[in-house]
Amino acid sequence: MTLTIKKPEVTLYTDGACKGNPGPGGWGAWLISGGHQKELCGGARSTTNNQMEMTAVIEALATLKRSCRIQLYTDSEYVLKGMTEWMPGWIKRGWRTAAGQPVKNAELWQRLAALAALHEIDWHWVKGHAGHEGNEKADQLANRGVESALKDHKA
């Protein structure tokens with residue numbers, strides 16, 4: 001007899017924001033599982049929008065204490081395509097692009113890939129700033145992260 005353990009199901013919305021690119025940035029994530037919700041956000045004084053989009057997913061996945069079944073929603077085609085299309089080629093080429101250049105943000109991609117491998121993730125793209133509740137919430141959290149990065153800098 002095989003015992004199958006059902007993985008917890010999590011819905012995850014992530015977003016990144018940057019005031020200038022590069023510039024001060026923030027990331028936000030909204031996790032929903034059963035009747036529980038968790039809001040996460042943070043920021044950096046000097047970063048890029050793509051780095052914040054990736055950091056949102058990394059930080060959200062890093063908070064999960066066990067392997068989960070995840071519905072992940074992002075408005076970042078960079079993150080979505082990186083994880084679902086480009087990653088195998090980068091790995092095969094030793095973290096180089098098809099043009100032979102080093103992959104930008106390789107350290108973040110490697111961390112993201114390692115965390116994603118612990119879970120079953122269905123990746124979904126949503127149009128940003130289009131009234132999608134989860135994306136709007138993640139965007140608010142990302143902007144809160146930018147504010148905290150700016151405030152920390154002034155202190």
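These exercises work through the strands, the core, the helices and the pocket of this predicted model.

Residues are numbered from 1 along each chain as its sequence is written. Local features need pLDDT of at least 70, side-chain atom pairs count only at pLDDT 80 or more, and totals for chains, interfaces and linings use all residues, while side-chain values use heavy atoms, with hydrogens and water left out.

**Exercise 1. Work out how S4 is paired and which of its faces is covered.**

Step 1. Fix the terms. Strands (E, at least two residues) and helices (H or I, at least four) are DSSP runs numbered from the N terminus. Two strands pair if DSSP finds at least two bridges between them.

Step 2. Take the neighbours. S1 and S4 run parallel and share six bridges. S4 and S5 are also parallel, again with six bridges.

Step 3. Place residues. Tyr-13 is opposite Tyr-73 of S4. Leu-72 has Trp-123 of S5 as its bridge partner.

Step 4. Split the faces. In a regular strand the side chains alternate between the two faces of the sheet. The covered face of S4 holds Ile-70, Leu-72 and Thr-74. Arg-69, Gln-71 and Tyr-73 make up the uncovered face.

**Exercise 2. Describe the S2–S3 hairpin and the loop between S1 and S2.**

Step 1. Count bridges. S2 and S3 are antiparallel, joined by 10 bridges. Ala-29 faces Leu-40 of S3.

Step 2. Inspect the turn. Two residues separate the strands, and Gly-34 there has a positive phi of about 60°.

Step 3. Look at the loop. Pro-22 sits between S1 and S2. The Asn-21 to Pro-22 peptide bond is cis, with omega near 10°.

**Exercise 3. Find the elements that build the largest nonpolar core.**

Step 1. Define the core. It is a set of buried Ala, Val, Leu, Ile, Met, Phe, Trp, Tyr and Cys residues joined through side-chain atoms within 4.5 Å. Buried means under 20% relative accessible area, exposed over 50%, partly exposed in between (1.4 Å probe, protein chains only).

Step 2. Pick the hubs. The core has 32 residues; Leu-12, Leu-61, Ile-70, Trp-109, Leu-112 and Trp-123 touch the most other members.

Step 3. Assign elements. S1, S2, H1, S4, H2, H3 and S5 each give two or more residues. H1 gives the most, with seven.

Step 4. Check one hub. Beyond four places in sequence, Leu-12 has contacts (heavy atoms within 4.5 Å) that include Leu-31, Leu-61 and Ile-70.

**Exercise 4. Trace what surrounds Tyr-78 and the buried residues of H3.**

Step 1. Locate Tyr-78. This residue belongs to H2. Tyr-78 counts as buried because its relative accessible area is 19%.

Step 2. List its partners. Leaving out residues up to four places away, Tyr-78 touches Asn-50, Met-54, Trp-86, Lys-104, Asn-105 and Trp-109. Met-54 is 24 residues away in sequence, yet the C-alpha atoms are 8.7 Å apart.

Step 3. Follow Asn-105. Its place is the loop between H2 and H3. Its phi is positive, near 60°, though Asn-105 is not a glycine. At 16% relative accessible area, Asn-105 is buried.

Step 4. Move to H3. Ala-106, Trp-109, Leu-112, Leu-115 and Ala-116 are buried. Their cover includes H1, H2 and S5.

**Exercise 5. Characterise the largest pocket and its lining.**

Step 1. Define it. A pocket is an open set of points on a 1 Å grid over the protein atoms alone, where a 1.4 Å probe fits, with protein on both sides within 12 Å along at least five of seven lines; lining residues have an atom within 4 Å of a point.

Step 2. Size it. The largest pocket holds about 260 Å³, a volume filled by probe spheres set on the points.

Step 3. Name the lining. Among its 13 residues, Val-10, Leu-31, Ser-33, Thr-63 and Leu-64 are the closest to the centre. S2 and S3 each supply at least two.

Step 4. Sort by class. Six are nonpolar, four polar and three charged. Here Ala, Val, Leu, Ile, Met, Phe, Trp, Tyr, Cys and Pro count as nonpolar, Asp, Glu, Lys and Arg as charged, and the others, Gly among them, as polar.
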